[in-house]
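Here are my notes on the chain you asked me to look over, set out as numbered points. They move from the whole chain to its sheets, then to two helices and a single residue.

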Amino acid sequence: MKDKTYIEELLNSFDVLFTVASKNGKLLFANNAVFSKLGYSRKEILEMNVLDLHPDEYREEAIIVFDEMIKGNKEFCNIPLKKKDGSNIPVETKAWEAKWLGRDCIFGISSNLSKQREAFDKLQKYFEINPIPIAISDAETGIFIDVNESFLQTLGYLRDEVLGRTSDDLGLFVDPNDRKEITASILKNGKVENAEIRFRTKDGAIRSGLFSGTVIRTQTGNVFLTIMSDITEKISLTEDLLRKESLLRIAVEASIKFLNNINPGNLQSTIDSIIESVGKFYDVDRSYVFIFSDDLKYSSNTNEWCNEGIEPQKENLQNIPSEILSWWIDKLKKGEIINISDVDLLPPEASDIKEILQSQQIETLIVFPLSRGTELVGYFGFDLVGRKRQWQNEEIESVMIFARMITSGFIMLKSEVVEMKVKEQLKSLDLAKDRFLANLSHEMRTPLNGIIGYTELLKSLSLDNEQKEYLSNIETCSKGLLQLVNDILDLSRIKAGTIKLKEEPFYFLKLVNWLKSFFKKQAHDKGIKLLFNIDSSITGLLVGDEERIKQVFINIIGNSIKFTENGKISISCTKRSQDSRELILDVSIKDTGIGVSEEIQKIIFEPFAQENKEYTSERGAGLGLSICKNLIEIMGGNIDIKSLKGRGTTVNFSLRLNKIIETHQIKNIERKRALEKKIKNISILLAEDDTISARLFMEMLKKMGLTCKHVISGTEAFKSVKEKNYHIIFMDVRMPEMDGITATRKIRKMKKGEDQPAIIAVSAYATTEEENNCLKAGMNSYITKPIDMNRIIEIIEKYGKAPVKHNPRKKVNSRSKCISVMMKETQIDEKTCEELIEAFIKQSKSLTKIIREKITIGNTEDVSRPLHRLKGSSANIRAKHIYDNIVQAEKSFIEKDMEKVLTLTGIIEEHIETLAR
């Protein structure tokens, strides 16, 4: 009994269902799992036959299966068990004969398969509803055991047409070897993944698929589970995308070619390249462009590409009369595409065209109009010789991209030619204007130089009151005339972007005191109060162009005094913002004068704007405020005006200035100024052919306690320098026999090292070009007539200490040196290096010309690109000194110092000339 109890306790601990029945099926024992899983009581179980545990519909099958298991012919029984509530439990049962308490009995163990059944049901559901075709087939015979609905829909079969047959029976694999290879791979490796095959549907259509399969081992044998995804559309889409990608690449390359090469010299070669690329892409026999004459009476084949074996026709298709193409041209004028899939089908009205095409064996063609709006430029097309083709809409739309591109090229070229003509005209006008201004400067400055200079000298003599009055009138008139010349030149420089502002330290309060003194007499004479209200915190040294700031104040305060008969003028200045380095000042100049009308306020800052259009000495030329506005904006500020007619005017403007706040900076500046005043024993040479100007210059030097030697030509100047060393040479630019520029070049070539003098150009031609020419020749600085004594003092203070070291530009960009470095660093042969340098010289001359032209016409924004191209190409050929100067020119361009850019461009041109020798 103890053993029985122990065995029952052990069996009750198992989760499987364990039963013991007599030979006739009467249940003798059941463990706790039977009661808990089926819901019966112990008493109910022990009153039942083992067959009662199975559903009634499976009773007969259970008798047979159990008999087979007892005989050893079957290992498992998969008949479900019936619960007390009538539901079933899927189980797997094993039965055998054994002794139970000494008698022959039948033992049964059932494993609960509920979870497995649930998983199987889910798998079955997944199998049925899966959108990917799935099949189960016998591993040995290949016969289909089951297929899902997607398999049937994809291949077009009914289930009965598939089950019981093989893939060979159905002819599913286009290539039977594919099936053999896949089967072999599955049998060898247990699976196959993503094998690309072509398969055949019931209606005979050929499609592409990805085939995967695996082996499933069952009690009855092995089966193949295979899936196949239809990738026909995907492959088609991929091929289409690849084709479109190729077309896009061609379009991008063509666009880049147009952007980089749209000029008269290489437009045709660019179009040749494009029609070749497109012709090859679409596999045509001939691609071409025809361009019409301006009157559309003729058209000519300008560009042609022919496939291999196709005879070119370009030479035979020149100046074709439009009258024989009337049907053709009418369609093109309407913007229609001429799409002829079969030349034989052309209508009777196109008989002339049909004859031309047939003579060239053309069977299919498509032609696109090259037009912009109503303007027909020409046409672009493809021919197929000896074969026919239908063009798809998508292809036609793609070709239109290139048709528009070619149209744009010809339109842009046409516009560029017109624009170039206009630019040439404008350039001629600008040159004429510059010549006029230069001549005006020369013709007026030379006599003004004498008038103003001698006026200054006369003022130092003892004169009676009447003489002083006359002298004062002369001085006023001459200075007014000089101001007009200066204003016109300032306006011209501002427009060209070549005006350069100084960045020098000055005391703003000192400038204000100067303004008070300058306008004191004018205001007093008119009975006007001049009130200054300056923020007391504006102290210390500021950095800016003091003379230009004075010019702004003088113009605006001068206008206020001019147009105010009584009342007052208030000048106020406050700090708006500041940081450690920068200070912004807000200035307001308010008067009680006659005011300005609203109409004139809108254009007050335009050149020559006046309330009264007539020029008078009282009103001036109307240039002052325009110059002020431009100067203020160049200095980073802004200006506006508010006025009421008869009530007065207020002009507000801002100044953006840098600050010097460190003590050592101030001390250094003051020390430098004190040092510059201690100039003694300076040797000066003056080369000037105008007697009056020369005498005036020497009188000014005399006032400073200095003397000079005077010569009247460049030849004499060169001779004098050979005989003696000079600290400074003031060299008139335009002299007889030998001009100042030629003399300077000869002096620089003759003098070496420490013996070089400072050479200062003196000219009445106040133009940027003149100054650049002087600096390129080796002059150190440039002053214009009328000569200002303060300017002479500045020159002497700067260059009067000792002979100036002048290092002439070394011709280091030698051709041989560049070639040597290139060969060493790039391993390129000498001949190729020579060719690269020649190409650089040719390109560089064109680019430096563009730089000069852009700066001259004021189009400075376009200067950066040629500079950048020069930098890259000079680096490539190892022309280091050219490269270094270009880097400096780029820096000056960023700083908007166009004069320096021009100067450096001249240096670059010299190096290029050296390289060309």
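1. A local backbone feature comes first. Just after helix α26 comes Gln827, a residue whose phi is positive, near 65°. Please keep in mind throughout that this is a predicted model, and that the values below are computed from it.

2. The helix that precedes Gln827 can be checked for regularity. Helix α26 covers residues 815–826, and at 1.5 Å a residue its 12 residues should span 16 Å; the C-alpha atoms at its ends are 16 Å apart, which agrees with that expectation. Its buried residues are Arg815, Cys818, Ile819 and Met822, and when one looks down the axis of α26 these fall within an arc of 95°, so they line one face of the helix. This fits the general pattern, in which an α-helix has 3.6 residues a turn, so that residues three or four places apart point the same way. Turned away from the buried side is a face of α26 that carries the exposed residues Ser816, Lys824 and Glu825.

3. For the chain as a whole, the model has 30 helices and 29 strands. Of the 917 residues, 43% are buried, while the accessible surface comes to about 50600 Å², with 51% of that area belonging to carbon and sulfur atoms. Among contacts with a separation of 6 or more, 58% are accounted for by residues 24 or more positions apart.

4. One sheet deserves a strand-by-strand reading. It is an open sheet of 4 strands in the order β2-β1-β6-β5, with antiparallel pairing. The edges are formed by β2 (27–30) and β5, each of which pairs on one side only, and neighbouring strands are turned by 20° against each other on average, with direction ignored. Strand β1 (residues 17–22) is joined to strand β6 (residues 103–112) by 6 bridges, the two running antiparallel, and strand β5 (residues 91–100) pairs with β6 in the antiparallel sense over 10 bridges.

5. Within that sheet, Phe107 of β6 is a useful reference residue, since Val20 stands opposite Phe107, and Trp96 also stands opposite Phe107. Glu97, in turn, stands opposite Ile106 in β6. The hairpin of β5 and β6 has 2 residues between the strands, and in it Leu101 takes a positive phi near 55°. Helix α4 (residues 59–71) lies across β5 and β6, running at about 55° to β5.

6. A second open sheet is built from 5 strands in the order β26-β25-β27-β28-β29, and here the pairing is parallel. At its edges stand β26 (709–711) and β29 (781–784), each with a single partner strand, so one side of each is left without a neighbour in the sheet. Neighbouring strands are turned by 20° against each other on average, direction again ignored.

7. Around the β26 edge, strand β25 (residues 684–687) runs parallel to β26 and is joined to it by 3 bridges, with Val711 in β26 as the bridge partner of Ala687. Helix α21 (residues 691–703) lies across β25, β26 and β27 (728–732) and runs at about 160° to β25. Helix α23 (residues 740–750) also packs on the sheet, where it touches β27 and β28 (758–763), and its direction makes about 150° with that of β27.

8. How many of the 17 residues of α17 are buried? The count is 12 of the 17, so the helix is largely enclosed by the rest of the structure. The buried set includes Ile549, Val552, Phe553, Ile556, Ile557 and Ile561, and also Arg548, Lys550, Gln551 and Asn555. As for its length, helix α17 (residues 546–562) should span 24 Å at 1.5 Å a residue, and its end C-alpha atoms are 23 Å apart, which agrees.

9. Finally, is Ser299, a residue of strand β13 (residues 298–306), buried or exposed? With a relative accessible area of 1%, Ser299 is buried, the cut-off for that term being under 20%. When its neighbours within four places in sequence are left aside, the residues in contact with Ser299 include Phe290, Ile291 and Phe292, as well as Leu317, Gln318, Asn319 and Ile320, together with Leu325 and Tyr379.

Technical notes: Residues are numbered from 1 along each chain as its sequence is written. This is a predicted model: local features need pLDDT of at least 70, side-chain atom pairs count only at pLDDT 80 or more; totals for chains, interfaces and linings use all residues. Side-chain values use heavy atoms; hydrogens and water are left out. The expected span of a helix is 1.5 Å times one less than its number of residues. Buried means under 20% relative accessible area, exposed over 50%, partly exposed in between (1.4 Å probe, protein chains only). The arc is that of the directions from the helix axis to the C-beta atoms. Contact means heavy atoms within 4.5 Å. Accessible areas come from the Shrake-Rupley method with a 1.4 Å probe; for residues, only the protein chains shown count as cover. Two strands pair if DSSP finds at least two bridges between them. Axes are lines fitted to C-alpha atoms, for helices over the stretch in contact, and angles run from 0 to 180 degrees between N-to-C directions.
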